[in-house]
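Here is a short report on a protein–DNA model. It begins at the DNA and then turns to the protein interior.

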2 protein chains.
Amino acid sequence: MASVGIKDVAARAGVSVATVSRVLNAHASVSPAARERVLAAVDALGYRPNTLARSLRTDQTRTLGLVISDVLNPYFTELARSVEEEARALGYSIIFGNADERPELQDHHIRTLLDRRIDGLLVSPADGGSPLVLDAARAGTPMVFVDRWIPGLDVPVVRADGRAAVRDLVAHLHGLGHRRLAIIAGPAATTTGSERVAAFRDALAEYGLPLPDAYIGQGDFQAGSGRRATERFLALPEPPEVVFAADNLMALGALDAIRARGLRIPHDIALAAFDDIPWFVHTDPPVTAIAQPTGELGRAAVRALTDLIEGRTPESVTLPARLVARSSCGEHTTTGATRRSDA
Amino acid sequence: MASVGIKDVAARAGVSVATVSRVLNAHASVSPAARERVLAAVDALGYRPNTLARSLRTDQTRTLGLVISDVLNPYFTELARSVEEEARALGYSIIFGNADERPELQDHHIRTLLDRRIDGLLVSPADGGSPLVLDAARAGTPMVFVDRWIPGLDVPVVRADGRAAVRDLVAHLHGLGHRRLAIIAGPAATTTGSERVAAFRDALAEYGLPLPDAYIGQGDFQAGSGRRATERFLALPEPPEVVFAADNLMALGALDAIRARGLRIPHDIALAAFDDIPWFVHTDPPVTAIAQPTGELGRAAVRALTDLIEGRTPESVTLPARLVARSSCGEHTTTGATRRSDA
DNA sequence: ATCCCTCGTGTAATCGATTCCACGAGGAGG
DNA sequence: CCTCCTCGTGGAATCGATTACACGAGGGAT
C-alpha cells in the first residue's frame, strides 16, 4: 500500500534523502560509492519519484498542454501525434484537451490544464479570443498558437499558409471550366475560418469571378454543418458547379449531402477540400485537397513552445500548403494510375 | 508573478488557511459570514487551488489515464472522445497516451501515467502482457481493459463481442457466392488480433469452408501491414475472392494495394472490415463493415473504472457488434441509393 | 605545523494545500 | 449561576520531494 518514498531509499542505502535526491537529479558532489548504493536501493525497491511532490517544489511539471479543436478530425489527430512525438523527444509529456469546436469546452480544458500547472500551452483556438486565453497570455503563461490563432497577442503562431495553394486550386478549377464556385466556411471567429474564405475570394477575383453570399456556406468545421450547407447550395435556383469545403469533415458532410441527392461527383458537382487525409485517396471519387505539412507544424509548434519555456525567443513559423489534385473536380492531373470507372 | 495561494486568500478574508480550505471543500462548520468573505476573496484574487499540492496531500488526482493503441485510428479516437466525455461528467479528467501499437511506447505511457499518480487506468493493451501492466494490476492499481484485454488477470473488461457479427458477415459473403475468403489479422499477442481470426475460422467452418494459412495475413492493425498482406494475397496463384481486414486501417491499406494493382472492388475482389467509420460510406465502393458500439464502450469503461476507484465492484461488460452491409462485397442489401458507377 | 579550500554529506526549510486537534465563546439544561 | 456540549476557528503536522546552508574531514600551500 504505502508506496516507497525517497526516505525508504535513503534508509536502505544508508544515506540521507538529500544524497538520494542529488543522485537522482545528477547533481554535483556525490561519491561514487554512495551513488552506487543509492542506485542499488532505487532498483531493489522499485522506487519512482513522486512527480506531484517534485513539481510542487520545483514549480515545473515538464508537461505541455495541447488543446485541439476536434479529436474526430484526422487533421488534428495527426497534429496531436506529431506534437506528442516531438515533445517526448524533448523530455516533455503532453496532456490533451479536446475542444470539440466548442469555446466553453475549450475553456474548460484550458482551465484544467492551467490548474495542473503545465509548463506551457499549445492552442488552436476555437474562437476569436476567450477571456481565459487572453488572460493566460497576458499573465505570461508560455503559449504558442498552432493552426489557428488570435490576432493582437504577442504569442508565436505556427501555421500553414494556404493562400498560394488556394490560388492553385482556383486555377485548377478554372482550367477545368468551372465558373460558379462555392465555399463552405469555418466559423468566422477562427482565423482559419475567415482566412480561407478571403484567400478563396481573392483567388476568384484574379479570374474575375464573384463570390456571392449565397455561395458562402456557414459551417463549423464539423460534418453536420458541411451537409447542411451543401443541401442549401443544391437547393439554389442556380447551384454552384464546385463546392470547396474549408476542412475535411465538412467535405465528408458535403459528400453525404451530394450522395443523398443522388448526384455524382464530378459529373454533377465538383468537390474540393482543405486538409488532405489518407481517406481522400479512396473516396468515390478521390477528393482534390489542399495538404498541410501537418507533422512539421506539430514539431515546429513544440519547439517554439519549449524555446519559450526555456527562455529562448522563438519566431512564428509559416509553412506552405500545397494542392493535391485528384479527380473530384474533373479530369485529374496527377501522374497516378489512370483508372476510370467507366473505362 | 507569485501566483496567489491559499494564504493570500486567507489574509484577504481575515481568516486562517484552514477555514479557506473548509469553504472550498464544502466541509462542515463554517459560519455564513466567513464563507462569504472567503468566497469574495477567492473571487477578487482569482484564486485557483494548486492541484499538485492538493493531490500530494489527499493522495488522489481525480484523473484517469487512457492508453489507446493508435490515435490515427478513428475507432480509438471515437473511443477516446466518449471516454473523456463520460469522465468529465463524473468529475474526472483524462490523460491520454498513444501507444502507436508499440508495446514499448505503451509501457512508456503507462509509466508516465503511474508517475503522475492517476487514480485509475484504462488500457487497450498493445501486447499480450507487459510486465508493467501485470505488476500494476497486481499492485492494485484500479484498472479496466477496454476493447482488448490480457487474459488471466482479475481486471474488468469492457469490449464488444464480434462473433455473431462475423458469423453474419460470413453468411452474407457465402450468400453472395464467395468461397475463398482471406483475413488480415491483427497481432496474435492482442486478444482482438487472435479472436477475430478465430471467429472468422469458426464461421467459415459452419459453411464447410477452410481457412488456409496462405489466407491469413499477419497485420499489426496499421495501414502499411494491410497493404503488404493484401499484396501477398494478390500474388497468390489462387488469390482469395474476399479480404476481411480485422480493423479499419488495414482495410485502408488493402484499398491502397488493390487500387495499385488496378483491380476493382467488388468485381475483382471483395473487401470487408472490422470497425465501421464514417468514411466507409464514401469510399469507392462503400465498405461493408462490422460496427462496434464505440461510444457505449467508452462510457461503460469509465463507469467501471470509477466504480473500482470509489470502492464499488464493477462487472465486465460485453456489448454486441453488428454487421453493416454495403456494396464492397457485391450486390448490397441496404436500403440506400441504388447508384452504380456503370449504370 | 598551520591555515584554508574543496568535497561529500546531512539537517532542516520549503512548495501549497488538507486535516487533526485544541481552544474559546455562547447556548441549553440543571 | 454553574456546567457541559456544540460550533466555529486557528495552529501546526503532513504529503514527498528539492535545495540552501552548515559542517567535518582531508589535502595542498606556506
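## The surface near DNA strand C

The residues near DNA strand C comprise eleven nonpolar, eleven polar and six charged. This is a predicted model. Of the 28 residues around the strand, Ser31(A), Ile6(B), Ser21(B), Asn50(B) and Arg57(B) come nearest.

Helices from both chains contribute. In chain A, α2 (17–24) and α4 (51–58) each supply at least two residues of this surface, and so do α2 (17–24) and α4 (51–58) of chain B. The largest share, five residues, comes from α4(B).

On the DNA side, sugar or phosphate accounts for 64% of the strand C atoms within 4 Å of the protein, and bases for the rest. Three polar contacts to phosphate oxygens of DNA strand C are listed here.

| Residue | Protein atom | Distance to phosphate oxygen |
|---|---|---|
| Ser31(A) | polar backbone atom | 2.7 Å |
| Ile6(B) | polar backbone atom | 2.3 Å |
| Tyr47(B) | polar side-chain atom | 2.7 Å |

UniProt, in an unreviewed entry, places "domain: HTH lacI-type" at residues 4–58 of chain A. That span is 69% helix and 0% strand. Its end C-alpha atoms lie 21 Å apart.

Now the interior. In soluble globular proteins, nonpolar side chains tend to be buried together. The largest nonpolar core here has 96 residues. Val166, Phe200 and Phe244 of chain A, with Val166, Phe200 and Phe244 of chain B, touch the most other members. A second, separate core holds 50 residues, including Phe96(A), Val146(A), Leu79(B) and Ala301(B).

What does Phe200(A) contact beyond its neighbours within four places in sequence? Its partners are Val166(A), Val170(A), Leu181(A), Ala182(A), Ile183(A), Leu211(A) and Phe244(A).

Methods:
Residues are numbered from 1 along each chain as its sequence is written. Chains are lettered from A and ligands numbered from 1 in the order in which they are written. This is a predicted model: local features need pLDDT of at least 70, side-chain atom pairs count only at pLDDT 80 or more; totals for chains, interfaces and linings use all residues. Side-chain values use heavy atoms; hydrogens and water are left out. A nonpolar core is a set of buried Ala, Val, Leu, Ile, Met, Phe, Trp, Tyr and Cys residues joined through side-chain atoms within 4.5 Å. Buried means under 20% relative accessible area, exposed over 50%, partly exposed in between (1.4 Å probe, protein chains only). Contact means heavy atoms within 4.5 Å. UniProt positions are given in the numbering used here, feature names are shortened, and annotations may be inferred rather than shown by experiment. Helices (H or I, at least four residues) and strands (E, at least two) are DSSP runs, numbered from the N terminus. A residue is near a molecule or strand if one of its heavy atoms lies within 4 Å of it. A polar contact is a pair of N or O atoms within 3.5 Å; within protein, one must be able to donate a hydrogen and the other to accept it, and residues adjacent in sequence count only if both atoms are side-chain atoms. Ala, Val, Leu, Ile, Met, Phe, Trp, Tyr, Cys and Pro count as nonpolar, Asp, Glu, Lys and Arg as charged, and the others, Gly among them, as polar.
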